Each structure stands twice: as C-alpha cells, then as structure tokens.
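This report is for a reader who has not seen this structure before. Please look at the sequence and the model first, then read on.

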Amino acid sequence: MTAIRRTVCAMALLLVTPLLAGCNEEEQARPIHMEKGAYRGAADTHLSADQVQALQQRSAGQRF
C-alpha cells in the first residue's frame with residue numbers, strides 16, 4: 001500500500017509543480033488592466049502598393 005501511495009504522491013507532485021512555478025518573468029510585468037479601445041502594441045507598418053494589390057487579388061477569389 002505504501003508503494004502505491006508513494007507513486008501517487010510522486011505523480012501528483014510532478015503534475016502540480018508546473019502550476020506552482022507560475023508565469024515567466026517577462027509575462028509578470030505585463031499590464032493586466034487594459035484601456036478599452038486603446039491598442040498598446042507596436043505601430044503597424046504601412047503596406048506598399050504591391051502588397052495592397054496582392055491582398056486585393058487574394059481576397060477577390062473569396063467573393064461569392
């Protein structure tokens with residue numbers, strides 16, 4: 001009985017350890033409360049005329 005109990009405790013410890021470790025340090029510094037409607041990420045880059053034309057051609061095939 002003690003061998004089974006020891007095995008179950010070891011398995012439970014292995015399963016719970018990642019939960020106790022928490023998040024990575026870089027994730028802990030993220031703001032949790034966001035402003036509604038405000039994007040705080042990096043600014044988007046503008047598309048070139050060739051990129052816009054390629055996207056328009058791709059989306060033209062999706063129209064019904």
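The text below covers confidence, secondary structure, surface and one patch.

The model is predicted. Its protein chain has an average pLDDT of 83, and 81% of the residues reach a score of at least 70. Confidence varies between the elements of the chain, and the two extremes are set out here.

| Element | Residues | Mean pLDDT |
|---|---|---|
| helix H2 (lowest) | residues 25-28 | 68 |
| helix H3 (highest) | residues 49-60 | 93 |

The secondary structure of the protein chain consists of three helices and zero strands. Along the sequence this gives the pattern α-α-α.

Turning to the surface, the protein chain has 64 residues, of which 0% count as buried. Its accessible surface is about 6900 Å², and carbon and sulfur atoms account for 59% of that area.

Which residues make the nonpolar surface patch of about 330 Å²? The patch is made by Leu15, Val16 and Leu19. Leu15 is part of helix H1, which spans residues 2-21. Leu15 has a relative accessible area of 64%, so this residue counts as exposed, the cut-off being over 50%.

Definitions and conventions. Residues are numbered from 1 along each chain as its sequence is written. This is a predicted model: local features need pLDDT of at least 70, side-chain atom pairs count only at pLDDT 80 or more; totals for chains, interfaces and linings use all residues. Side-chain values use heavy atoms; hydrogens and water are left out. Patches are made of residues with over 30% relative accessible area and no salt bridge: like charges are joined within 9 Å, nonpolar side chains (Val, Leu, Ile, Met, Phe, Trp, Tyr) within 5 Å. Accessible areas come from the Shrake-Rupley method with a 1.4 Å probe; for residues, only the protein chains shown count as cover. A salt bridge is a side-chain nitrogen of Lys or Arg within 4 Å of a carboxyl oxygen of Asp or Glu. Helices (H or I, at least four residues) and strands (E, at least two) are DSSP runs, numbered from the N terminus. Buried means under 20% relative accessible area, exposed over 50%, partly exposed in between (1.4 Å probe, protein chains only). pLDDT is the predictor's confidence in each residue, from 0 to 100.
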